[in-house]
Amino acid sequence: EVATLLSCVVENPEAAIEQRFFNCGTDKLYSYDEVAYICAEAAGIAKEDVKIEHYNADLGKAKFPFRLTDFYVAPDMAKAKIGFSPTYSLEGDIQWYYDGYKARGADTKELDTSKDQEVLS
């Protein structure tokens, strides 16, 4: 998608002159839960085996990466200003990312979750 986006900018000098910034994501917005389920599916984990803990917003402002508001990127401006059209999807690409992750042996390495535990406590 990045190469496609860059070619759209090259073909539209006004975008460079105006020094605009463009997102090259998918048209589909996903919730954090949906992303977790998509990742789990790529890893061969059943949806019912995924444990998701949501941050309790009543506790006040959270540490990163928790957000009290929705967060997403969308290619709307790139589509409107330079004719970009996304062709890939998270569901279609996540298996490729996970396969690369496994090929590097990252799925067998011990993870340091101390920061996660700090945020959750």
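**Exercise 1. Classify two cysteines, Cys39 and Cys8, by exposure.**

Step 1. Start with Cys39: its relative accessibility is 35%, so Cys39 counts as partly exposed. The classes are buried (under 20% relative accessible area), exposed (over 50%) and partly exposed (in between), with a 1.4 Å probe and protein chains only.

Step 2. Take Cys8. Its relative accessible area is 10%, so Cys8 is buried.

Step 3. Look for disulfides (pairs of cysteine sulfur atoms within 2.5 Å). A search of the whole structure finds zero.

A note on the model: it is predicted, so local features need pLDDT of at least 70 and side-chain atom pairs count only at pLDDT 80 or more, while totals for chains, interfaces and linings use all residues. Residues are numbered from 1 along each chain as its sequence is written, and side-chain values use heavy atoms, leaving out hydrogens and water.

**Exercise 2. Describe the secondary structure of the protein chain.**

Step 1. Count the elements. There are six helices and zero strands. Both are DSSP runs, numbered from the N terminus: helices are H or I with at least four residues, strands are E with at least two.

Step 2. Check helix α5, residues 90–103. The expected span is 1.5 Å times one less than the number of residues. For the 14 residues of α5 this gives 20 Å, and the end C-alpha atoms are 20 Å apart, so the two agree.

Step 3. Look just after α5. There Gly105 has a positive phi of about 80°.

**Exercise 3. Which residues form the largest nonpolar core?**

Step 1. Know the term. A nonpolar core is a set of buried Ala, Val, Leu, Ile, Met, Phe, Trp, Tyr and Cys residues joined through side-chain atoms within 4.5 Å.

Step 2. List the members. The seven are Leu5, Cys8, Ala15, Phe22, Ala78, Ile82 and Phe84. Helices α1 (2–10) and α4 (76–82) each supply at least two of them.

Step 3. Separate the other core. Five residues make up another core apart from this one, including Tyr30, Ile38, Ala42 and Tyr98.

Step 4. Follow Ile82. Beyond its neighbours within four places in sequence, Ile82 has contacts (heavy atoms within 4.5 Å) with Leu5, Cys8, Val9, Asn12, Ala15, Phe22 and Met77.

**Exercise 4. Place Thr26 and find what it touches.**

Step 1. Locate Thr26. It sits in the loop between α2 (13–17) and α3 (32–42).

Step 2. List its partners. Not counting residues up to four places away in sequence, Thr26 touches Ala74, Pro75, Pro86, Tyr88 and Ser89.

Step 3. Add Lys28. Its backbone nitrogen lies 3.3 Å from a polar atom of the Thr26 side chain.

Terms used. A polar contact is a pair of N or O atoms within 3.5 Å; within protein, one must be able to donate a hydrogen and the other to accept it, and residues adjacent in sequence count only if both atoms are side-chain atoms.
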